[in-house]
Protein chains: 2
Amino acid sequence: MISVVIIGQGNVAFHLNKAFTKARNIEVAQINSRKLENIPLADVTIIAVSDDAIAKVSSKINNSLVVHTSGSVAMNSLKNSTRKGVFYPLQSFSKDKKVNFKKVPFCLEASTENDLELLEKVAKSIGKKIYFINSEQRKSLHVAAVFVNNFTNHLYKIAADICKKQNVPFEVLQPLIQETAKKIKKLSPEKAQTGPAIRNDQKTIKNHLAMLNEHQQEIYTLLTQSIQNNGRKL
Amino acid sequence: MISVVIIGQGNVAFHLNKAFTKARNIEVAQINSRKLENIPLADVTIIAVSDDAIAKVSSKINNSLVVHTSGSVAMNSLKNSTRKGVFYPLQSFSKDKKVNFKKVPFCLEASTENDLELLEKVAKSIGKKIYFINSEQRKSLHVAAVFVNNFTNHLYKIAADICKKQNVPFEVLQPLIQETAKKIKKLSPEKAQTGPAIRNDQKTIKNHLAMLNEHQQEIYTLLTQSIQNNGRKL
């Protein structure tokens with residue numbers, strides 16, 4: 001049995017707590033980060049609070065191994081005087097949507113082999129995809145995640161704006177959106193690239209630009225150039 | 001029974017021919033666009049050639065109803081002297097990947113109600129999602145498709161580059177990529193938006209920029225501003 005304490009009330013804390021409760025080899029307790037006076041002893045203490053609060057919360061914890069769940073905070077930002085680690089589930093969580101942790105990559109970091117093994121056991125109690133990722137790598141992953149999640153979603157938003165202007169239902173684009181994501185399971189993004197930019201089809205590019213507003217044109221032009229230069233600066 | 005002739009040898013022609021062959025109420029023939037001397041008579045003649053060749057190919061056809069399959073070409077670019085229409089399946093096709101036409105939106109256009117009904121019957125013989133979309137709307141859809149397909153795929157490519165630089169396997173991002181696309185089935189892109197840009201988390205944005213090369217920074221900055229202005233110009 002591994003004892004786990006989760007500190008925090010956000011989406012990550014909520015879903016982790018729910019999953020650990022069902023795990024056979026885990027004994028879990030969830031604690032509000034404003035009530036740190038009586039933290040139960042635990043093998044692993046998981047701080048799942050906002051990035052800015054991690055240092056402060058961790059400084060008040062004396063449990064043996066303290067980890068955070070953030071993609072963008074270095075392991076050494078933890079201010080506990082005991083052992084440190086990272087337990088970062090790379091997925092976009094919302095409270096009202098069920099999480100299938102079997103599909104969530106767990107990015108783990110610790111300073112000793114023993115601690116890594118312990119975190120691996122904890123992760124495997126609810127998940128399947130385990131990666132050992134150091135703080136530098138995790139920071140890169142976090143930026144990369146902004147591109148494939150935040151920025152991609154914003155491209156959907158621009159497409160929705162374009163559709164709205166011409167009274168076309170956005171749902172017409174749904175199958176293409178799903179197919180674009182699915183395609184990348186088997187092909188590298190480089191091989192999956194299609195469209196007027198990669199074909200250097202100037203006529204279509206010109207026609208497209210003529211239909212966009214100034215701001216959309218700026219994004220269209222920059223991304224078209226980037227595709228043509230394979231993601232590199234001219 | 002509706003007779004259909006498909007002109008062209010590309011991916012769209014290939015998959016349409018394959019699907020129509022299995023449809024009960026369609027009699028189909030596929031013709032090479034370089035052998036237009038002996039086109040069989042047909043109720044619907046579908047020109048599935050490159051955008052630039054549509055005008056020329058159509059000018060040589062005397063069958064009653066002639067349609068093209070392009071997202072970016074106006075119906076009136078067809079140069080046949082008989083009736084005209086558009087039969088645009090909005091999906092990304094590759095020859096070696098099976099197409100489920102039940103999930104493909106068919107964007108139809110014609111100048112008479114009768115022709116629209118005929119095209120609808122033809123589309124319904126292989127598909128389920130039928131939309132009546134005029135030439136202006138279709139042009140907008142085509143630009144929007146560039147955003148959700150070509151540009152989104154390029155963001156995947158940039159993310160892959162970032163991962164590669166730090167020796168992180170790109171597959172770690174796969175579940176997030178799939179989830180980002182799935183989320184949009186139920187939420188509008190506006191409601192689905194998360195991340196440092198929409199939270200105006202300057203500290204994280206600064207950290208991210210420090211990890212990117214100049215070209216990636218330019219894209220990051222432009223898309224971050226665009227998210228913060230809800231897709232509008234400052």
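A residue is called buried when its relative accessible area is under 20%. The exercises below apply this cut-off, among others, to a predicted model of two chains, for which the predictor gives an ipTM of 0.92 and a pTM of 0.91. For chain A the mean pLDDT is 95, and 99% of its residues reach 70 or more.

**Exercise 1. Determine how chains A and B are related in space, and which residue of chain B comes closest to the rotation axis.**

Step 1. In general, two copies of a chain are related by a rotation about an axis and a shift along it. Here chain B is superposed on chain A by a rotation of 180 degrees with 0.0 Å of shift along the axis, and the RMSD is 0.0 Å. This is the relation of a two-fold axis.

Step 2. The contact residues can then be compared between the copies, and 100% of those of chain B recur in chain A, so that the same surface serves both copies.

Step 3. Among the residues of chain B, the closest approach to the rotation axis is that of B:Thr152, whose C-alpha lies at 2.8 Å.

**Exercise 2. Classify the ring pair of A:Phe151 and B:Tyr220, and compare its geometry with the pair of A:Phe101 and A:Phe106.**

Step 1. A pair of aromatic rings is described by the distance of the centres and the angle of the planes. Over all chains the structure holds 14 such aromatic pairs.

Step 2. For A:Phe101 and A:Phe106 the centres are 5.8 Å apart and the planes stand at 25 degrees, so this pair is stacked. Both A:Phe101 and A:Phe106 are buried, and ring pairs link these two with A:Phe20, A:Phe87 and A:Phe93 into a cluster.

Step 3. For A:Phe151 and B:Tyr220 the centres are 5.1 Å apart and the planes stand at 75 degrees, which makes the pair edge-to-face. This pair crosses between chains, with A:Phe151 in helix α4 (residues 135–165) of chain A and B:Tyr220 in helix α9 (residues 214–228) of chain B. Both A:Phe151 and B:Tyr220 are buried.

**Exercise 3. Find the edge strands of the sheet in chain A, and describe how its strands and a helix are arranged around them.**

Step 1. The strand order is β2-β1-β3-β4-β5-β6-β7 in chain A, an open sheet of 7 strands with mixed pairing. At the edges stand β2 (26–31) and β7 (129–132), each with a single partner strand, so one side of each is left without a neighbour in the sheet. Direction ignored, neighbouring strands of this sheet are turned by 25 degrees against each other on average.

Step 2. Strand β1 (residues 2–7) of chain A pairs with β2(A) in the parallel sense over 6 bridges, and A:Ile6 stands opposite A:Gln30 in β2(A). Helix α1 (residues 11–22) of chain A packs on the sheet, where it touches β1, β2, β3 (44–47), β5 (83–89) and β6 (105–110) of chain A, and its direction makes about 150 degrees with that of β2(A).

Step 3. Further along the order, β3(A) and β4(A) run parallel and are joined by 3 bridges, with A:Ile47 opposite A:His68 in β4(A). From strand β4 (residues 65–68) of chain A, A:Leu65 and A:Val67 point one way while A:Val66 and A:His68 point the other way, and all are buried.

Step 4. An antiparallel example can be taken from chain B, where 5 bridges join strand β5 (residues 83–89) to strand β6 (residues 105–110), and B:Phe87 stands opposite B:Leu108 in β6(B).

**Exercise 4. Decide whether B:Gln178 and A:Thr224 are buried or exposed, and list their contacts.**

Step 1. B:Gln178, found in helix α5 (residues 174–183) of chain B, has a relative accessible area of 12% and is therefore buried. Residues up to four places away in sequence not being counted, B:Gln178 touches A:Ala181, A:Lys182, A:Ile184 and A:Lys185.

Step 2. A:Thr224 has its place in helix α9 (residues 214–228) of chain A and, at 6% relative accessibility, also counts as buried.

Step 3. With its neighbours within four places in sequence left aside, A:Thr224 is in contact with A:Ala197, A:Ile205 and B:Phe151. A:Thr224 and A:Ile198 are 26 residues apart in sequence, whereas their C-alpha atoms are 7.9 Å apart in space.

Terms used. Residues are numbered from 1 along each chain as its sequence is written. Chains are lettered from A and ligands numbered from 1 in the order in which they are written. This is a predicted model: local features need pLDDT of at least 70, side-chain atom pairs count only at pLDDT 80 or more; totals for chains, interfaces and linings use all residues. Side-chain values use heavy atoms; hydrogens and water are left out. Rings of Phe, Tyr and Trp (its six-membered ring) pair if their centres lie within 6.5 Å; planes under 30 degrees apart count as stacked, over 60 as edge-to-face and the rest as tilted. Buried means under 20% relative accessible area, exposed over 50%, partly exposed in between (1.4 Å probe, protein chains only). Helices (H or I, at least four residues) and strands (E, at least two) are DSSP runs, numbered from the N terminus. Contact means heavy atoms within 4.5 Å. Two strands pair if DSSP finds at least two bridges between them. Axes are lines fitted to C-alpha atoms, for helices over the stretch in contact, and angles run from 0 to 180 degrees between N-to-C directions. pLDDT is the predictor's confidence in each residue, from 0 to 100. Copies are superposed by least squares on the C-alpha atoms of residues with pLDDT of at least 70 in both.
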